[in-house]
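Here is a short briefing to keep beside the viewer as you look around this structure. Feel free to jump to whichever topic interests you.

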Amino acid sequence: MLETSTLYGLLGIVLASLGLHAVILQTDTLRRVLAINILGVGVFLVFIATAYNGPDAAPDPVPHALVLTGIVVAVAATALALALRRRLESSAEDGDDE
Amino acid sequence: MNEAMALTIALPLFGALAAAAWPGRSSVIGILSVLLSGAAVTWLFTLVMTHGEAYQLLGGWQAGLAIALHADFLAAVMLLLTALVALAISVYATCYFRSPRDAARFWPLWLLLLAALNGLFLSADLFNLYVTLELLGLSAVALTALSGKRAAIRAALRYLLVGLLGSLGYLAGVAILYTGFGTLDMQQVGERIAVDPASEIALILMTGGLLLKTALFPLHFWLPAAHSNAPAPVSAALSALVVKAGFYLVLRLWTEVFAEAISPQGAMLIGLLGCAAIIWGSWQALKAERLKLLAAYSTVAQLGYLFVGLMLLFTTPMGQDYELVLGAIMLMALTHGFAKSSLFLAIGVVQQRAGHDRIAELDGTSQRLPATTFAIALAGTALIGLPPSGAFLGKWHLLSASIDAGQWLLVLVMSIGSLLAAAYVFRVLGHAFGNAAFASRPVNMALQEWPALALGLVATLLLGLGSHWIWAFLEISS
């Protein structure tokens, strides 16, 4: 019988692999930003799954705290990526091609 | 015990907030913060030189809970490099960003980048390193896009995505290490590390992620566009300091955390990639048509020498030679830091004066900008590794260690790399000399020309003639 934490860990690895695959192969920025986010979620999921200490013990709080920080960083980075992409699009409309 | 370490991070951080809050006074706040944090770095440096190292747990928490800061000789040297280069770049930037709007955008990000760099050099904990890596990456990307031109924004976007990919690789490695060894403290992980598949996967993920950020060949594809499209002071910081941060972490992880788990094949692979970087980067620099692109490709090549040094570190036995190679790596990193920032600042002056940085049309630059041309020549001397530059001694020791180890390929590659570097430097100087009339004064844009000159002089004279203290200290501390 598969343990719950193993299931989550494996799911995380699958998500991370999908994200990595897409970030390398996709050319569109928006898709690559999404792919990076999926890759990130995969890594976070693996990290969270390692905190599980069995049904009777409390989970290890450290990975939770770290993943929370990681999510904040990921949100900030995604915002920056989207802002840059918007700038790129609006300057294309202006016809400024330097 | 002392607050020097916390201050080196806190001062630029508060400076960044203050510069963002009072955009009208951002230049004054910026220069003041850089000076103050430079003073804190000097204080810390003298502490490390007298006590050997410094260690501090922030906020009065106990070990394991507190954020731990640790400064050894390597960290202190990198902090000093950062402080000196940052001072020169900041003086330059006060004149480069003339409009208040540009200045108000530059200073908060620049100070944030400095806070992240200082934090990275001092962090003793794997997760805090991840946080500083991300802060460094985000501020570097924003600075790259500062000019608002399409090419710059496109380069910044790619830089951001590559940086995020690298950080996530690093973070996945941290997760594996924490699961396996139950701690994030670098020293404790290093003591507990076992040679098992999990450690090896962590090693590959973390090293791979950092190599992407450090732009080791063939993961350098994002660097030339990002470094050559950023404004001159930013290019100087990116090439001299930011890529060094990635190398610093690889060096730290390999020597302190994974030392037991590194296989000779792994070290060999890094060395071969370093060799490829030297040849490819130098060749591309020789072919470049624009000065900034030349300088960026030269960074790709110079990073190669650092990784060749890393390989030698793992193929030479502990003892005299080990310190020699470690000292050589530090000297190469320092020299490149000063020389490349000098080169980018000087190129910025040429670009502002001539309106372009096309190498073939530099005719007469030496007459119009004598001091800046001299700075380019000084930086070039250090990049080639001619005496008396610091890189001369660094390369000398790397070459003699390669000969001792029987690594003839490295000797060949480093010699070819130096010849190619001579070719691309003299190509620039050849075009810069022409028949135009001399300017009446050698220095025409004082606040922008002096910083480049000072950095070039440090790289060629100070580090070459006065670098004995590096080895003296390594011998004492070992």
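The notes below go from chain A and its contacts with chain B to the core and some local features of chain B.

Please keep in mind that this is a predicted model. Chain A is built from three helices and has zero strands, while the largest nonpolar core has 221 residues. Chain B also holds two cis peptide bonds to look at, one leading into B:Pro218 and one leading into B:Pro388.

**Chain A on its own**

- Reading from the N terminus, you will meet the elements of chain A in the order α-α-α.
- With a radius of gyration of 18 Å, well over the 13 Å that the globule rule gives for 98 residues, chain A is more spread out than a compact globule.
- Along the principal axes, a box of roughly 65 × 25 × 15 Å holds the C-alpha atoms of chain A.
- Buried residues make up 29% of the 98 residues in chain A.
- If you take the contacts in chain A between residues at least 6 apart in sequence, 49% of them join residues at least 24 apart.

**Where chain A meets chain B**

- On the chain A side, 27 residues are in contact with 24 residues of chain B.
- Two elements of chain A, α2 (29-49) and α3 (61-93), each give two or more residues to the side that touches chain B.
- Of these, α3(A) gives the most, with 14 residues.
- Sorted by class, this side of chain A has 15 nonpolar, six polar and six charged residues.

**The nonpolar core**

- The residues with the most contacts inside the largest nonpolar core are B:Leu44, B:Leu113, B:Ala156 and B:Leu160.
- Helix α6 (residues 150-181) of chain B gives the most to this core, contributing 21 residues.
- B:Ala156 is a good place to zoom in: leaving aside neighbours within four places in sequence, its contacts are A:Leu84 from chain A, together with B:Val141, B:Thr144, B:Ala145 and B:Ala226 from chain B.

**A covered helix in chain B**

- Helix α5 (residues 126-144) of chain B is mostly covered, and 19 of its 19 residues are buried.
- What span should the 19 residues of this helix have at 1.5 Å a residue? The expected figure is 27 Å, and the end C-alpha atoms of α5 are 27 Å apart, so the two agree.

**The loop between α8 and α9 of chain B**

- The peptide bond between B:Phe217 and B:Pro218 is cis, with omega at about 0°.
- B:Pro218 sits in the loop that links α8 (197-214) to α9 (223-229) in chain B.
- B:Ala215 lies in the loop between α8 and α9 too, and has a positive phi of about 65° although it is not a glycine.
- Is B:Ala215 buried or exposed? B:Ala215 has 29 other C-beta atoms within 10 Å, and 20 or more are needed to count as buried, so B:Ala215 is buried.

**Other spots worth a visit in chain B**

- A cis peptide bond with omega near 5° runs from B:Pro387 to B:Pro388.
- B:Pro388 belongs to the loop between α15 (370-384) and α16 (390-404) of chain B.
- B:Phe473 is part of helix α19 (residues 468-477) of chain B.
- With 19 other C-beta atoms within 10 Å, B:Phe473 is partly exposed.
- B:Phe473 and B:Phe73 are 400 residues apart along the chain, yet their C-alpha atoms are separated by 8.0 Å.

Terms used
Residues are numbered from 1 along each chain as its sequence is written. Chains are lettered from A and ligands numbered from 1 in the order in which they are written. This is a predicted model: local features need pLDDT of at least 70, side-chain atom pairs count only at pLDDT 80 or more; totals for chains, interfaces and linings use all residues. A nonpolar core is a set of buried Ala, Val, Leu, Ile, Met, Phe, Trp, Tyr and Cys residues joined through C-beta atoms within 7 Å. A residue is buried if 20 or more other C-beta atoms lie within 10 Å of its own, exposed if 12 or fewer, and partly exposed in between; C-beta atoms are placed from the backbone. Helices (H or I, at least four residues) and strands (E, at least two) are DSSP runs, numbered from the N terminus. Two residues are in contact if their C-beta atoms, placed from the backbone, lie within 7 Å. The radius of gyration is taken over C-alpha atoms; the globule rule is 2.2 Å times the number of residues to the power 0.38. Ala, Val, Leu, Ile, Met, Phe, Trp, Tyr, Cys and Pro count as nonpolar, Asp, Glu, Lys and Arg as charged, and the others, Gly among them, as polar. The expected span of a helix is 1.5 Å times one less than its number of residues.
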